[in-house]
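Student: I should like to take a close look at a single part of this structure. Please describe how two helices from separate chains can be examined where they meet.

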Amino acid sequence: MRLHGIARALICPRKGLSYSAREANAAAARMCGREPNAFMRAFRVDPWQGEGALPGEARGGENGVAAAYMNPWEDNFRCNDSRVFFAYEFLESHGFPLVMETGYPWVSHVSQLWEVAGMFPSLRILASNAGQLDLSGLSFGSVSAVLAESPNLYLGTAAAVAADWLKEAAENWAKGRVVFTTSYPMFEPEMERFRIDNGCMSDAAKREIYYDNPLRFLGLS
Amino acid sequence: MIIDAHAHMDECPIRGYYDPPEKVVRIMDEAGIDMAVVSAYRNAPEADPHILEYVARGAAKFPGRLIPFARLNPRYGDGALETLDRAVNEFGFRGVKLHPASYNLIPFGEATVRIFKRAADYGIPLLIHCTDEGMCLPLQVEMAMERSPETKVVLAHLGGFFHTEDVLRVCLRRPNAYVDTSEIPNAKKVRLAVETLGAERVLFGTDLPTDNPALEIHKIKAAGLGKEAEELIFHKNAARLLGIDAA
């Protein structure tokens with residue numbers, strides 16, 4: 001982070017060898033405790049754990065939880081499966097923004113996120129991986145349409161390979177909702193910083209991507 | 001010197017693409033790219049019967065800068081082969097581009113393999129979109145190569161987000177296989193490709209104008225490969241593959 005000028009990061013717990021979200025969350029809490037000025041943490045919600053999946057602690061506070069994180073690919077659920085709606089109801093009613101690992105086939109296509117965003121309009125959801133993991137280029141249209149229609153959806157910039165498309169997102173159809181992300185370790189902070197620093201969007205848009213929009217997503221502005 | 005082995009030039013309003021040759025060359029100049037392989041976004045032969053002419057005219061406007069590849073749709077059977085013949089014999093196209101996700105055919109089916117073989121007959125390379133989508137997977141492309149082993153094939157995008165290991169194993173098995181570095185945002189994967197294959201079969205690509213060529217160039221440098229490997233990747237490999245005297 002320091003090498004690439006990233007002041008703070010939201011840590012989204014990875015799936016550990018034990019497959020236990022509880023252990024993953026505990027590890028993230030320890031990490032945040034060691035570097036409280038650098039890290040915030042998201043609470044990983046594995047919906048198959050039922051009510052036990054949900055964050056028991058309130059948002060914020062020292063080493064507290066800033067957001068929730070869900071990974072439909074690793075935890076094997078469709079993000080718009082009605083059986084996981086209880087999690088969205090809780091997060092929405094308790095004011096937790098949600099980072100959703102997006103772009104995976106069958107489980108987190110952006111159209112599925114569109115449905116969820118419509119059902120839970122007060123839940124702020126960040127679509128990681130620029131809403132798609134699709135180098136064919138055929139998914140960009142879906143992402144832009146969904147983001148334009150869903151004011152509670154935010155767009156993570158990691159792997160947003162189409163430069164003009166990202167500019168249009170930041171300055172037009174998702175203005176105020178494009179958030180700098182690295183998806184580290186899947187992608188590389190150096191490349192993701194380069195993407196924005198050398199992007200064709202305005203300097204004002206870059207500042208929004210790096211600073212204003214993340215704060216807005218996290219409810220800190 | 002930099003030769004971009006994977007770029008585009010086309011005007012396709014229905015898809016929202018407006019990338020005429022003037023824009024492409026301007027972007028190349030800004031990034032310091034000397035030459036670029038260009039293909040259309042639209043396949044030929046399809047609705048527009050003049051795609052070949054469009055690309056040929058665009059390349060002719062900037063001699064020595066734009067290297068035209070014919071982007072084909074194998075669904076047209078003999079029509080696709082005739083289009084390739086015209087492209088090479090009439091317009092001097094230097095290669096073939098295939099994007100199976102755009103026409104939804106398995107690459108190892110007869111329709112596509114005939115194109116592979118015709119490319120081999122002409123001694124021209126075949127650049128194929130090769131990432132995570134069905135019809136575009138590296139192992140599917142390898143099945144086509146098995147049926148046409150003489151074809152020189154460039155598997156674009158280093159196998160995408162999730163199939164880099166596959167594409168590198170394909171290249172290890174197939175001496176006529178190359179990879180291009182375009183679009184995949186990981187310098188580490190470029191390094192892995194060089195460590196696995198050597199630098200001689202790794203081609204620099206950008207997928208411009210969609211992707212930021214400055215980022216693509218930075219990615220190669222960030223891989224920390226050293227000057228000799230960078231020269232191979234940035235221009236010598238492409239020049240050799242295309243039979244260009246880059247000097």
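Tutor: The following account concerns one helix–helix contact. This is a predicted model, in which local features need pLDDT of at least 70 and side-chain atom pairs count only at pLDDT 80 or more, while totals for chains, interfaces and linings use all residues. Residues are numbered from 1 along each chain as its sequence is written, and chains are lettered from A and ligands numbered from 1 in the order in which they are written.

Two packed helices are described by the angle between their axes and the distance between the axes. Helices here are DSSP runs of H or I with at least four residues, numbered from the N terminus. Axes are lines fitted to C-alpha atoms over the stretch in contact, with angles from 0 to 180 degrees between N-to-C directions.

Helix 7 of chain A (residues 189–197) packs against helix 9 of chain B (residues 213–222) at an angle of about 155°, and their axes are 10 Å apart. The two helices are therefore roughly antiparallel, a term for angles over 145 degrees. Their crossing is right-handed, meaning that the near helix is turned clockwise from the far one by less than a right angle.

Helix 7 of chain A contributes Glu190(A), Met191(A), Phe194(A) and Arg195(A) to the contact, and helix 9 of chain B contributes Leu215(B), His218(B), Lys219(B) and Ala222(B). Contact requires C-beta atoms, placed from the backbone, to lie within 7 Å. These residues comprise four nonpolar, one polar and three charged. Ala, Val, Leu, Ile, Met, Phe, Trp, Tyr, Cys and Pro count as nonpolar, Asp, Glu, Lys and Arg as charged, and the others, Gly among them, as polar.

Terms used:
Parallel < 35°, antiparallel > 145°, perpendicular 65-115°, else oblique. Contact = placed C-beta atoms within 7 Å.
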